[in-house]
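Reader: Could you show me how to read a structure that I have not met before, one feature at a time?

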Amino acid sequence: MAENKDEDPSTETSHEQQQMAERIKDSARQIWLAGLGAYTKAEEDAGRFFERLVKEGEDIEERTRGVVNRQVKAVEDSVDGVRERASGTWNRLESVFDERVSKALDRLGIPAPGRVRDLEHQVQHLQDEVEKLRRELEQQRGD
């Protein structure tokens, strides 16, 4: 016990503090190295994870491309069918409208454009006939 009294207590504390500092330094270095290892591992895993995601995306795209193309074709066919029906309906509607307008004009005494052309031709023919008869009559008088 006398030896303990002869030793300097501050030396012992200083030695313990030095050991504690070394342990903390070693722990800090191990934490730093673990962090570097985790970062490297995460970087490697991220690359593989990204490649795996790309591969899965390509697989899904390949599987769904056929389905999507079939759906697009079905929609296009449906649109074509609707367009044809609408066109046919429009043509029928136009025909009904033309017929009703023609009947209304006829009831009002307004001839259809075709009828007017026919009458113009008949008038022209009659004018030609009258002119022919007038010339014949003048020739007979002149004789």
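The dialogue below goes from the overall form to charges, salt bridges and a surface patch.

Reader: What should I know about the model and its numbering before I begin?

Author: This is a predicted model, in which local features need pLDDT of at least 70 and side-chain atom pairs count only at pLDDT 80 or more, while totals for chains, interfaces and linings use all residues. Residues are numbered from 1 along each chain as its sequence is written, and side-chain values use heavy atoms, with hydrogens and water left out.

Reader: How many helices and strands make up the secondary structure of the protein?

Author: Helices (H or I, at least four residues) and strands (E, at least two) are DSSP runs, numbered from the N terminus. Here the secondary structure comes to three helices and zero strands, and along the sequence the pattern reads α-α-α. Helix α2 covers residues 9–107, and helix α3 covers residues 113–142.

Reader: What radius of gyration does the protein have, set against a compact globule of 143 residues?

Author: The radius of gyration is taken over C-alpha atoms, and the globule rule is 2.2 Å times the number of residues to the power 0.38. A compact globule of 143 residues would come out near 15 Å, but the protein has 54 Å. Taken along the principal axes, the box filled by the C-alpha atoms is roughly 180 × 35 × 30 Å. As an example of spacing, arginine 107 and glutamate 76 are 31 residues apart in sequence, and their C-alpha atoms are 46 Å apart in space.

Reader: What percentage of the residues count as buried?

Author: Buried means under 20% relative accessible area, exposed means over 50%, and partly exposed lies in between (1.4 Å probe, protein chains only). Of the 143 residues, 0% count as buried. Arginine 107, which lies in helix α2, is exposed, with a relative accessible area of 68%. For the protein as a whole, areas come from the Shrake-Rupley method with a 1.4 Å probe; about 13,500 Å² is exposed, and carbon and sulfur atoms supply 56% of that area.

Reader: How many positive and negative side chains does the protein have?

Author: Lys and Arg count as positive and Asp and Glu as negative, whereas His and the chain ends are not counted. The place of a charge is taken as NZ of Lys, CZ of Arg, CG of Asp or CD of Glu. On that basis there are 24 positive and 33 negative side chains, with the centres of the two sets 11 Å apart.

Reader: How many salt bridges does a search of the whole structure find?

Author: Side chains of opposite charge can pair when their charged atoms come close. A salt bridge is a side-chain nitrogen of Lys or Arg within 4 Å of a carboxyl oxygen of Asp or Glu, and the search finds eight of them. In one of these, glutamate 61 pairs with arginine 65, the closest N and O atoms being 3.2 Å apart; the two are four residues apart in helix α2, so about one helical turn separates them. Glutamate 61 is partly exposed at 42%, and arginine 65 is partly exposed at 46%.

Reader: Which residues are linked in a network of salt bridges?

Author: The network links Glu131, Arg134, Arg135 and Glu138. Within it, the side chains of arginine 134 and glutamate 131 meet at 2.4 Å, N to O. These two residues are three apart in helix α3, so they too are separated by about one helical turn.

Reader: Which residues make the nonpolar surface patch?

Author: Patches are made of residues with over 30% relative accessible area and no salt bridge, where like charges are joined within 9 Å and nonpolar side chains (Val, Leu, Ile, Met, Phe, Trp, Tyr) within 5 Å. Phe97, Val101, Leu105, Leu108 and Ile110 make a patch of about 470 Å². Leucine 105, which has its place in helix α2, is partly exposed, with a relative accessible area of 31%.
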